[in-house]
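Me: Please take a close look at one part of this protein's surface, and explain each term where you first need it.

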Amino acid sequence: MWETRSVQITVQLPHDIADQAEEVQKTDPEFLSRVVLYGLTRRSIYHQLRERRQDRTSEDLPAARPM
């Protein structure tokens, strides 16, 4: 699949969610890793699609005419 490496991430969460995240990290750290990977993958895809859309929009603009 992919080469991977560990990273340290610090996030600020509401207390109840932080408690749940800590519990999941203790009981099923692989699940928490997959959740973070899923979220970052979605974000990357969104940004790539948004950049493509902006590129296409700028290509559709008429060229500026000299005065």
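Reply: Helices (H or I, at least four residues) and strands (E, at least two) are DSSP runs, numbered from the N terminus. In this predicted model, local features need pLDDT of at least 70 and side-chain atom pairs count only at pLDDT 80 or more, while totals for chains, interfaces and linings use all residues. Residues are numbered from 1 along each chain as its sequence is written, and side-chain values use heavy atoms, with hydrogens and water left out.

The protein has two helices and zero strands, and of its 67 residues 0% count as buried (under 20% relative accessible area; exposed is over 50%, partly exposed in between; 1.4 Å probe, protein chains only). About 7300 Å² is exposed by the protein, with 53% of this supplied by carbon and sulfur atoms (Shrake-Rupley method, 1.4 Å probe; for residues, only the protein chains shown count as cover).

The part to look at closely is a nonpolar surface patch of about 600 Å², to which Val7, Ile9, Val11, Leu13, Ile17, Val36 and Leu40 contribute. Its members have over 30% relative accessible area and no salt bridge (Lys or Arg side-chain nitrogen within 4 Å of an Asp or Glu carboxyl oxygen), and nonpolar side chains (Val, Leu, Ile, Met, Phe, Trp, Tyr) are joined within 5 Å. Val7 belongs to the segment that comes before α1 (15–27), and Val7 counts as exposed because its relative accessible area is 55%.

Technical notes
Patch = residues over 30% accessible without salt bridge, like charges linked within 9 Å, V, L, I, M, F, W, Y side chains within 5 Å.
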